[in-house]
Amino acid sequence: MHDTLALLEVTDFPAISRKPLDTLQVNLGYKCNQRCLHCHVNAGPTRTEMMAADGIAMIPQVLKARQIQTLDLTGGAPELHEQFRELVSAATALGVKVIDRCNLTILFEPGQEGLAEFLAENKVEVVASLPCYSLENVDAQRGDGVFDKSIAGLQLLNSLGYGKADSGLTLNLVYNPQGPTLPPNQQALEADYRRELMAHFGIEFNHLFALANMPIKRFGSTLVSKGQFAPYMELLKNNYSAANLESVMCRNLVSVDWLGNLYDCDFNQQLALGLPNKAVRHLRDLLQNSLDGDDIAIADHCFGCTAGQGSSCGGAL
């Protein structure tokens with residue numbers, strides 16, 4: 001796999017700094033039951049990196065110490081961590097909102113029986129990846145049979161109240177372009193998803209998040225192999241919008257890898273771009289120290305979050 005960091009380190013992206021921290025995003029490990037082309041984590045079934053028990057135990061302590069309102073769990077497939085349910089229960093007991101970044105097919109994996117019901121009981125917000133509403137496009141990007149399982153997963157979540165008005169159970173979907181293009185207008189695309197998923201499958205959801213693909217890891221390597229890396233970076237830079245700087249996710253989120261190391265965002269984590277503040281580099285450091293006002297580590301991939309309508313873990317900015 002081609003390393004893209006050397007192509008991104010020299011940057012003219014503007015300097016930015018942190019606002020008060022409100023979200024702890026934790027990557028519980030790189031093991032996943034899928035291996036998607038657009039995956040910026042390079043996750044898959046053969047990955048073995050998973051957070052140790054002492055790291056899991058530290059997360060609720062940090063949530064309480066820093067009065068963090070949201071715990072955002074990602075991977076890989078975060079549900080494959082054997083302490084996933086234990087961690088969710090501990091966080092919700094503190095009154096923290098928990099987000100599960102779910103690939104939907106995990107709901108039907110051996111050992112995951114009752115997972116959907118557990119998520120509903122704990123009012124976990126589900127952010128589910130569904131890169132298109134057509135079988136051909138989804139299976140091309142994520143593997144044969146993924147679309148049908150994803151639809152079944154959404155129908156299961158709907159049956160429990162997810163995506164239904166006044167249920168208190170939030171179901172958001174995530175769209176990624178298949179190639180080196182910017183996402184279309186999020187509002188218009190959401191209307192298309194809502195119409196097609198209801199008409200063909202009776203599926204309801206709350207919102208659609210349209211995310212730009214980052215020129216790193218598996219996607220970035222593919223761009224290099226196809227000679228598309230430079231044109232894609234030019235596309236991102238030509239569509240840069242300074243207005244998006246105010247609300248990029250790194251301003252109020254910190255990303256934690258499976259070893260407990262801290263990064264300004266999940267993308268910096270995959271590039272091993274640690275926090276500029278050398279006194280706060282690990283999850284344990286947050287027990288005593290704040291990140292408010294600190295500088296944010298930047299490189300050329302940051303243009304991916306600020307191009308066009310903008311892109312973050314919560315969709316367009």
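This is a tour of a predicted model, moving from its sheet to its ring pairs and then to its empty spaces. Residues are numbered from 1 along each chain as its sequence is written, and side-chain values use heavy atoms, with hydrogens and water left out. Because the model is predicted, local features need pLDDT of at least 70 and side-chain atom pairs count only at pLDDT 80 or more, while totals for chains, interfaces and linings use all residues.

**The sheet**

Start with the strands. Helices (H or I, at least four residues) and strands (E, at least two) are DSSP runs, numbered from the N terminus. Two strands pair if DSSP finds at least two bridges between them. The open sheet has 8 strands in the order S6-S5-S4-S3-S2-S1-S7-S8, and the pairing is mixed. At its edges are S6 (207-210) and S8 (262-263); each has a single partner strand, so one side of each lacks a neighbour in the sheet.

Select S4, residues 125-129. Is this strand enclosed or open? 5 of its 5 residues are buried, so the rest of the structure largely encloses S4. Buried means under 20% relative accessible area, exposed over 50%, and partly exposed in between (1.4 Å probe, protein chains only). In a regular strand the side chains alternate between the two faces of the sheet. In S4, Glu 125, Val 127 and Ser 129 are on one side, Val 126 and Ala 128 are on the other, and all are buried.

Add S3, residues 97-102, which runs parallel to S4 and is joined to it by 4 bridges. Cys 102 has Ala 128 of S4 as its bridge partner. Follow the chain from S3 through helix H4 (residues 115-121) to S4: this β-α-β crossover is right-handed. The term means that, with the strands pointing away from the viewer, the path from the first strand over the helix to the second runs clockwise.

Next select S5, residues 171-175, which pairs with S4 in the parallel sense over 4 bridges. Here Ala 128 stands opposite Leu 173. S5 and S6 also pair in the parallel sense over 4 bridges, and Tyr 175 has Ala 210 in S6 as its bridge partner.

Before leaving S5, select Tyr 162 in the loop between H6 and S5. Tyr 162 is buried, at 0% relative accessibility. Its C-alpha atom is 9.3 Å from that of Asn 172, 10 residues away along the chain.

**The rings**

Now show the aromatic side chains. Rings of Phe, Tyr and Trp (its six-membered ring) pair if their centres lie within 6.5 Å; planes under 30 degrees apart count as stacked, over 60 as edge-to-face and the rest as tilted. The count comes to 6 aromatic pairs.

Select Phe 13 and Tyr 240: the ring centres are 6.2 Å apart and the planes stand at 75°, so the pair is edge-to-face. Phe 13 lies in the loop between H1 (5-8) and S1 (23-27), and Tyr 240 in the loop between H9 (229-238) and S7 (253-256), so the pair ties together parts 227 residues apart in sequence. Phe 13 is buried at 6% relative accessibility, whereas Tyr 240 is partly exposed at 29%. Add Phe 303, which ring pairs link with Phe 13 and Tyr 240 into a cluster.

Move to Phe 147 and Phe 201, an edge-to-face pair with centres 5.8 Å apart and planes at 65°. Phe 147 lies in H6 (residues 146-159) and Phe 201 in H7 (residues 186-201), so this pair ties together parts 54 residues apart in sequence.

Charges over rings come next (NZ of Lys or CZ of Arg within 6 Å of the ring centre and within 35 degrees of the ring normal). Arg 85 has its charged end over the ring of Phe 118, 5.6 Å from the centre. Arg 194 lies over the face of Phe 205, 4.4 Å from the ring centre.

**The empty spaces**

Finish with the spaces found on a 1 Å grid over the protein atoms alone: a cavity is a set of points where a 1.4 Å probe fits but cannot get out, and a pocket is an open set with protein on both sides within 12 Å along at least five of seven lines; lining residues have an atom within 4 Å of a point. Grid points are joined across faces, edges and corners, and a volume is the space filled by probe spheres set on the points.

The largest pocket has a volume of about 350 Å³. It is lined by 24 residues, and Met 249, Asn 252, Ser 312, Cys 313 and Gly 314 are the closest to its centre. S3 gives the most to this lining, with 3 residues.

There are 2 cavities of 30 Å³ or more. The second largest cavity holds about 130 Å³ of space. Of its 18 lining residues, Val 248, Cys 250, Cys 265, Cys 302 and Cys 305 are the closest to the centre.
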